[in-house]
Amino acid sequence: MPASAMDWLRYFAVVMLPAAAIAYLCGCFNGAVIVSKYILRDDIRTHGSGNAGLTNFYRTFGGFLTLVVILTDVLKAVAALLIGGMLLGGTFALYWAGLFCLLGHMFPCMFHFKGGKGILSGGTIAIMIDWRVAVVVWGGFLLLVILTRYVSLGSLWAGASFPFISWYCYPYPAVVVLAFVIGALIVWQHRANIQRLLHGTENKFRLRKKKE
């Protein structure tokens with residue numbers, strides 16, 4: 001590890017910044033936008049909630065291409081964390097790359113900084129970080145969605161629980177800070193859902209029926 005302030009600065013410029021840039025660019029490959037805009041020729045961001053995420057895509061289009069969206073958002077997170085791990089090494093690398101991958105997903109530079117809310121990619125990041133983190137995040141998410149049929153409620157659990165289970169598993173200041181930033185970003189991206197939940201107007205998840 002770097003020993004002096006100058007070494008840290010050099011390490012940041014030569015290793016950490018490139019890792020962040022690569023992770024961000026990986027995150028920018030938003031599956032819902034790419035599939036809807038370039039395959040279906042109908043930008044998902046003009047439909048439903050306007051969110052470029054899996055739930056809105058499924059509600060709007062459904063079909064086999066939903067699997068393409070899933071695969072894209074999973075693989076980009078895997079790529080971002082693998083590259084970050086190779087460049088930086090250690091648990092910190094996974095959180096660092098994960099943060100910038102989510103920033104790319106939420107605010108993609110090639111799509112006018114209008115992306116998704118980061119749940120599928122974030123869930124993939126949780127799996128890659130630690131099985132204990134994944135169990136808490138995914139377990140609560142699935143339980144709440146099954147019991148209430150509110151995907152947003154499960155997503156809020158995922159964002160809120162992520163920093164605390166991370167703190168439990170990796171009580172290191174740098175990791176905890178990154179975990180709280182990631183969790184806060186996910187919760188912030190669901191602020192409109194929180195309002196709808198409070199007012200009882202949030203849409204419940206339903207399996208999409210085929211059109212006749």
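## Salt bridges

A salt bridge here is a side-chain nitrogen of Lys or Arg within 4 Å of a carboxyl oxygen of Asp or Glu. With that in hand, let's look at this predicted model, where a search of the whole structure finds 4 salt bridges. One of them joins arginine 45 to aspartate 43, with the closest N and O atoms 2.8 Å apart. Both partners are buried: arginine 45 has a relative accessible area of 10%, and aspartate 43 has one of 16%.

Another salt bridge links the side chains of aspartate 73 and lysine 76, at 3.3 Å from N to O. These two residues sit 3 apart in helix α4, so about one helical turn separates them. An α-helix has 3.6 residues a turn, so residues three or four places apart point the same way. Aspartate 73 is buried at 2% relative accessibility, and lysine 76 is buried too, with a relative accessible area of 5%.

Arginine 132 and aspartate 130 also form a salt bridge, and their closest N and O atoms are 2.8 Å apart. Here the exposure is mixed: arginine 132 is partly exposed, with a relative accessible area of 32%, whereas aspartate 130 counts as buried at 8%.

## A buried lysine without a salt bridge

What does lysine 117 do for polar company? Its side chain makes a polar contact with the side chain of asparagine 193, at 2.5 Å. Lysine 117 is found in the loop between α5 (91–106) and α6 (119–129). It is buried, yet has no salt bridge. The nearest side chain of opposite charge belongs to glutamate 202 and is 6.2 Å away, so it falls outside the 4 Å cut-off for a salt bridge.

Leaving aside residues up to four places away in sequence, lysine 117 touches Asn51, His105, Met106, Ile186, Gln189, His190, Asn193 and Arg196. The last of these, arginine 196, lies in helix α10 (residues 191–199) and is partly exposed, with a relative accessible area of 28%. Beyond its sequence neighbours up to four places away, arginine 196 touches Lys117, Thr201 and Glu202. Glutamate 202 is thus a contact of arginine 196 as well as the nearest oppositely charged side chain to lysine 117.

## Helix α2 and its ends

Helix α2 spans residues 31–39, and its buried residues are Gly31, Ala32, Val33, Val35 and Ser36. Among the elements that cover them are α3 and α4.

Asparagine 30 caps the N-terminal end of α2, placing a side-chain oxygen 3.1 Å from the backbone nitrogen of alanine 32. Just after the helix, arginine 41 takes a positive phi of about 60°.

## The largest pocket

The largest pocket holds about 740 Å³ of space. Its lining is made of 32 residues, with Leu54, Thr55, Asn56, Val151 and Ser155 nearest the centre. The elements that give two or more residues to this lining are α3 (54–60), α4 (65–87), α6, α7 (131–148), α8 (151–169) and α10.

Asparagine 56, one of the residues nearest the pocket centre, lies in helix α3. Is asparagine 56 buried or exposed? At 6% relative accessibility, asparagine 56 counts as buried. Its side chain reaches the backbone oxygen of asparagine 51 at 2.9 Å. Not counting residues up to four places away in sequence, asparagine 56 touches Ile44, His47, Gly48, Ser49, Gly50 and Asn51. Asn51 also appears among the contacts of lysine 117.

Key. Residues numbered from 1 in each chain as written. Predicted model: local features only at pLDDT ≥ 70, side-chain atom pairs only at ≥ 80, totals over all residues. Heavy atoms only, no water. Helix = DSSP H or I, 4+ residues; strand = E, 2+ residues; numbered from the N terminus. Buried < 20%, exposed > 50% of the residue type's maximum accessible area, 1.4 Å probe, protein only. Lys, Arg positive; Asp, Glu negative; His and termini not counted. Polar contact = N/O pair within 3.5 Å; in protein donor to acceptor, adjacent residues only side chain to side chain. Contact = heavy atoms within 4.5 Å. 1 Å grid on protein atoms, 1.4 Å probe; cavity = no way out; pocket = protein on both sides within 12 Å on 5 of 7 lines; lining within 4 Å. Points joined across faces, edges and corners; volume = space filled by probe spheres on them.
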